[in-house]
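Colleague: Please take me through one part of this model in detail, namely its pockets, and say how each term is defined.

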Amino acid sequence: MTVPTHDAVLDETRAVLSRLGVTLPEGGDLVARSPITGGELARLTAHTPEQVGELVGQAAAAFTTWRSVPAPVRGALVRELGELLREHKADLGALVSIEAGKIRSEGLGEVQEMIDICDLAIGLSRQLTGLTIASERPGHRMMEQWHPLGVVAVISAFNFPVAVWSWNAALAFVCGDPVVWKPSEKTVLTALACQALFDEAARRVGAPAGLSSVVLGDAAVGEALIDDHRVALVSATGSTRMGRAVAPRVAARFGRTLLELGGNNAAIVAPSADLDLTVRGLVFSAAGTAGQRCTTLRRVIVHESIADELVQRLAAAYGSLPIGSPLAEGTLVGPLVDAASYRGYADALEKAQANGGTVVAGGERVLADEAPDAYYVQPAIVRMPTQSDIVRAETFAPILYVLTYTDFDEAIELHNAVPQGLSSSIFTLNLREAERFVSAAGSDCGIANVNIGPSGAEIGGAFGGEKETGGGRESGSDAWRNYMRRATNTINYSTELPLAQGVEFG
């Protein structure tokens, strides 16, 4: 497949930004690029730490007003945002493809995820429920309330440049919190587009100024955000290394963190598995988004009796994957985001082979003649004799390691013997294996699937993982509680003053 000229990509970018209402300033040291060609899209000016502090101050001022607005009224803001996302879905999806390198279907899917979380948050705005608790004291009532928390900082990664912001922002807004967002330096244009849509939604409902803002820049900008004592919650998505830097700094000032960090997701394939279904599930999970999802399938743990057949089928499927421009119809695998990602891919393959691995499919860079500054690669399958250090590490690229097992206990042990604990799956028609996998004695991940891959999550369930994945939960279920503070109230409606636990005083 061919790669478009950079001028063509630039023209589409400008057209999309214009329809989204984004006017780019000229000049600046922050360069926005497209992984489609590796070429420059725009130059922007990064914020200084002092400017970050000013925006946090504006958010803190907005909080004093927004926290007292009834939650269903706050939901009206999110409803307007959702309607604008529906109206501009095609353009924002195209911008995701241009800036993050996702194929068009995935770009559109990411915007649909934003729409879905807005719908969830609107309903939630009438369901921020507490508890009534029986009191041991006569004439007393206990209850539990949830109140707005404060300024929420969102630090997002390039691979989901808009959805992760919306997971946090939609819930934060209905919970009564303002949001300050630092997007990845690799995907700043999509963030500006989201802010433009939010500004229009805020104008329509008369929301206070400073309720949402975007800060652009490198690690210094992020540090200014996480160190600001006015930021009540830091929701950070990225590598485990990043989480290790963020968590102690926020904890030092007694702030809260919500961490979504690395994944090293596996699929166990049992002898009873429906292999037609399994191959389809594994290929998307491993090769989709060019392996650049936190939920990407990175390990297959297959029973030795079917390993050769499964690998043969996977290799055949990999050989037919269309690789090329994510803007082109029919493309299934777009580019890696940049040269550093390609180096990680190449280095990991070299280490895997040094540890006895055999590359059975893919493993090469392609389209370099057409796009020398972009990094398209063939998704790779590597059979490994053991789960070596390179297999236990997360490489953000399309490399699928295949390991074999003899009995189910061994499969579970291999599955859990990595530092990360985000998503997991099993392909089996054996009810006992399926139930064991999702039990406390099975997968140790935050997400455990049966007969679907680990990649791709609906917003109705809480998203997040354990161990070095950070323990955070975003999106559905009760994740909204991250953005609120709990207050326990005791109300005395009697004329007496009994003490709890039968204590007598006077």
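Modeller: What follows describes the pockets and their linings.

The model is predicted, so that local features need pLDDT of at least 70 and side-chain atom pairs pLDDT 80 or more, while totals for chains, interfaces and linings use all residues. Residues are numbered from 1 along each chain as its sequence is written, and side-chain values use heavy atoms, without hydrogens and water.

The largest pocket (an open set of points on a 1 Å grid over the protein atoms alone, where a 1.4 Å probe fits, with protein on both sides within 12 Å along at least five of seven lines) has a volume of about 1000 Å³, volume being the space filled by probe spheres set on the points, which are joined across faces, edges and corners. Its lining (residues with an atom within 4 Å of a point) comprises 34 residues, and Thr237, Gly238, Ser239, Arg241 and Met242 are the closest to the centre. At least two lining residues come from each of helix 8 (219-226), helix 9 (240-252) and helix 12 (339-354), helices being DSSP runs of H or I with at least four residues, numbered from the N terminus. Helix 9 contributes the most, with six residues. By class, the lining of the largest pocket holds 13 nonpolar, 11 polar and 10 charged residues, where Asp, Glu, Lys and Arg count as charged, Ala, Val, Leu, Ile, Met, Phe, Trp, Tyr, Cys and Pro as nonpolar, and the others, including Gly, as polar.

The second largest pocket encloses about 440 Å³, and among its 28 lining residues Glu113, Phe160, Arg293, Gly456 and Ala457 lie nearest the centre.
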